[in-house]
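Biologist: I am new to this structure and would like a close look at one part of it. Could you take me through that part slowly, residue by residue, and then set it within the chain?

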Amino acid sequence: MRMVVLLQKIVPPVEILADAVVHIQKNTLDFQVVSPSKDELGQLCSMFETMRQILYENNRQLWRTIEDQRILQASVAHDLRNPITILEGYIEYLQSNLPTGRLSGEKLDHTLSNMSVAAKRLEKYTDCIRNLNALEEIEIKPSPLSYPNDLEKMINGLSIMTR
């Protein structure tokens, strides 16, 4: 009789946790782990819910970071087009006007000065991109989480009881 009562107390939280594990394995974090009681198993369910919330928020932050990176890349591409277009225009201008002799020294100096400004803008943009790439290349080293000893003992005890 005591065994039946014990199983009735243990089985629901273990099933809740097993269901939560399946959701997490599928990377589906839009669920809740509801604690069925206030005892140790209920506390374990509450800790699992806290972990789920942290995973959910980490995923949201990751997606925000990816979206921000996409927006940044689009912005950089747009910013690069402007000085490139300016340089192309000046090159076309020089190619058509230098051979004809219609370009004064003053106009040539002015055009070359503007081309230099556009080239420096391109250099600044490429430096920014290089710095961004350097940030992305920082190696992330995962480290194991350490759980309190009592929690590990509880998990071991539960796994023995559910066999």
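Modeller: Let us begin with Tyr93, which is found in helix α2, and keep in mind throughout that this is a predicted model. The relative accessibility of Tyr93 is 29%, so this residue counts as partly exposed, a class that lies between buried, under 20%, and exposed, over 50%. If we leave aside the neighbours within four places in sequence, Tyr93 is in contact with Leu103, Lys107 and Thr111. For one of these partners there is also a backbone distance to give, since the C-alpha atoms of Tyr93 and Leu103 are separated by 9.7 Å, with the two residues 10 apart along the chain.

From Tyr93 we can step across to Thr111, which has its place in helix α3, the helix made of residues 105–136. Thr111 has a relative accessibility of 3% and therefore counts as buried, because that value falls under the 20% limit. With neighbours within four places in sequence again left out, the contacts of Thr111 are with Tyr90, Tyr93 and Leu94. The side chain of Thr111 also has a polar atom that lies 2.8 Å from the backbone oxygen of Lys107, and Lys107 has already appeared here as a contact of Tyr93.

The helix that holds Tyr93 can now be followed to its pairing with helix α1. Helix α1 spans residues 2–25 and helix α2 spans residues 40–97, and their axes come within 10 Å and cross at roughly 15 degrees. That angle makes α1 roughly parallel to α2, because angles under 35 degrees are counted in that way. The crossing in which α1 passes α2 is left-handed. On the α1 side the contact is made by Lys9, Ile10, Pro13, Ile16, Leu17, Ala20, Val21 and Ile24, while α2 contributes Leu41, Leu44, Cys45, Phe48, Met51 and Leu55. Sorted by class, the residues of this contact are 13 nonpolar, no polar and 1 charged.

Between these two helices runs a loop, and two of its residues deserve a careful look. Asp39 has its place in the loop between α1 and α2, and with a relative accessibility of 18% it counts as buried. The side chain of Asp39 is joined to the side chain of Ser37 by a polar contact of 2.5 Å, and a polar atom of the Asp39 side chain also lies 3.2 Å from the backbone nitrogen of Leu41, a residue that takes part in the contact between α1 and α2.

Asn27 lies in the loop between α1 and α2 as well, but at 54% relative accessibility this residue counts as exposed. Most residues other than glycine have a negative phi. The phi of Asn27, however, is near 60 degrees, a positive value in a residue other than glycine.

To set all of this within the chain, there are 4 helices and 0 strands, and from the N terminus on the elements run α-α-α-α. Buried residues make up 17% of the 163 residues in the chain, and Thr111 and Asp39 are among those that count as buried. As for how the chain meets itself, among contacts between residues at least 6 apart in sequence, 56% join residues at least 24 apart.

Terms used
Residues are numbered from 1 along each chain as its sequence is written. This is a predicted model: local features need pLDDT of at least 70, side-chain atom pairs count only at pLDDT 80 or more; totals for chains, interfaces and linings use all residues. Side-chain values use heavy atoms; hydrogens and water are left out. Buried means under 20% relative accessible area, exposed over 50%, partly exposed in between (1.4 Å probe, protein chains only). A polar contact is a pair of N or O atoms within 3.5 Å; within protein, one must be able to donate a hydrogen and the other to accept it, and residues adjacent in sequence count only if both atoms are side-chain atoms. Contact means heavy atoms within 4.5 Å. Axes are lines fitted to C-alpha atoms, for helices over the stretch in contact, and angles run from 0 to 180 degrees between N-to-C directions. Angles under 35 degrees count as roughly parallel, over 145 as roughly antiparallel, 65 to 115 as roughly perpendicular and the rest as oblique. A crossing is left-handed if the near helix is turned anticlockwise from the far one by less than a right angle, and right-handed if clockwise. Ala, Val, Leu, Ile, Met, Phe, Trp, Tyr, Cys and Pro count as nonpolar, Asp, Glu, Lys and Arg as charged, and the others, Gly among them, as polar.
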